[in-house]
Amino acid sequence: MPTANWKFKRERDNYTYTQTFVVQVIDNDGQVAGEHRMTSDILFTPDGKRYEKVTSAPPPTLERAGLSLSQQDLDDVEHVQPFVLDDYGLAKI
């Protein structure tokens with residue numbers, strides 16, 4: 001019998017969700033000195049293929065704070081898959 005976690009993951013793969021990725025540099029006064037922000041709609045096809053549509057990506061301001069993200073960094077973030085952890089899975093940790 002499938003667990004609730006498995007059922008949830010199976011159903012999640014048929015829906016869309018919104019993902020926001022934010023990297024901020026905070027200065028000594030606690031203010032945001034630079035930021036990279038991207039919001040995307042994510043969906044999965046029934047066969048598990050992931051699609052992403054960027055809905056908001058203001059120009060990044062990290063460089064003025066002395067930080068930059070490489071294309072590899074951005075690719076790594078894009079390929080992070082969400083996961084579901086239920087009570088059963090949590091007990092195994």
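A residue counts as buried under 20% relative accessible area, as exposed over 50%, and as partly exposed in between. Keep that in mind as we walk through this predicted model. Take Arg 37: its relative accessibility is 31%, so it lands in the partly exposed group. The side chain of Arg 37 also has a partner, since it meets the side chain of Glu 35 in a salt bridge, with 3.2 Å from N to O. Search the whole structure and you'll find just that one salt bridge.

Now let's look at the strands. Three of them make an open sheet, lined up as β1-β2-β3 with antiparallel pairing. β1 (16–26) and β3 (50–56) are the edge strands: each has a single partner strand, so one side of each has no neighbour in the sheet. The strands don't line up perfectly, either: neighbours in this sheet are turned by 30° against each other on average, ignoring direction. Zoom in on β2, which covers residues 32–44, and you'll see six bridges joining β2 to β3 in the antiparallel sense. If you want a pair to look for, Leu 43 sits opposite Tyr 51 of β3.

Finally, there's the largest pocket, with a volume of about 160 Å³. Our friend Arg 37 turns up again here, as one of the lining residues, along with others including His 36, Glu 52 and Pro 60. Which elements supply at least two residues each to this lining? They are β2, β3 and α2 (71–78), and α2 gives the most, with four residues. By type, the lining splits into six nonpolar, two polar and four charged residues.

Methods:
Residues numbered from 1 in each chain as written. Predicted model: local features only at pLDDT ≥ 70, side-chain atom pairs only at ≥ 80, totals over all residues. Heavy atoms only, no water. Salt bridge = Lys/Arg side-chain N within 4 Å of Asp/Glu carboxyl O. Buried < 20%, exposed > 50% of the residue type's maximum accessible area, 1.4 Å probe, protein only. Pairing = 2+ DSSP bridges. Axes fitted to C-alpha atoms, helices over the stretch in contact; angles between N-to-C directions. 1 Å grid on protein atoms, 1.4 Å probe; cavity = no way out; pocket = protein on both sides within 12 Å on 5 of 7 lines; lining within 4 Å. Points joined across faces, edges and corners; volume = space filled by probe spheres on them. Nonpolar A, V, L, I, M, F, W, Y, C, P; charged D, E, K, R; others polar.
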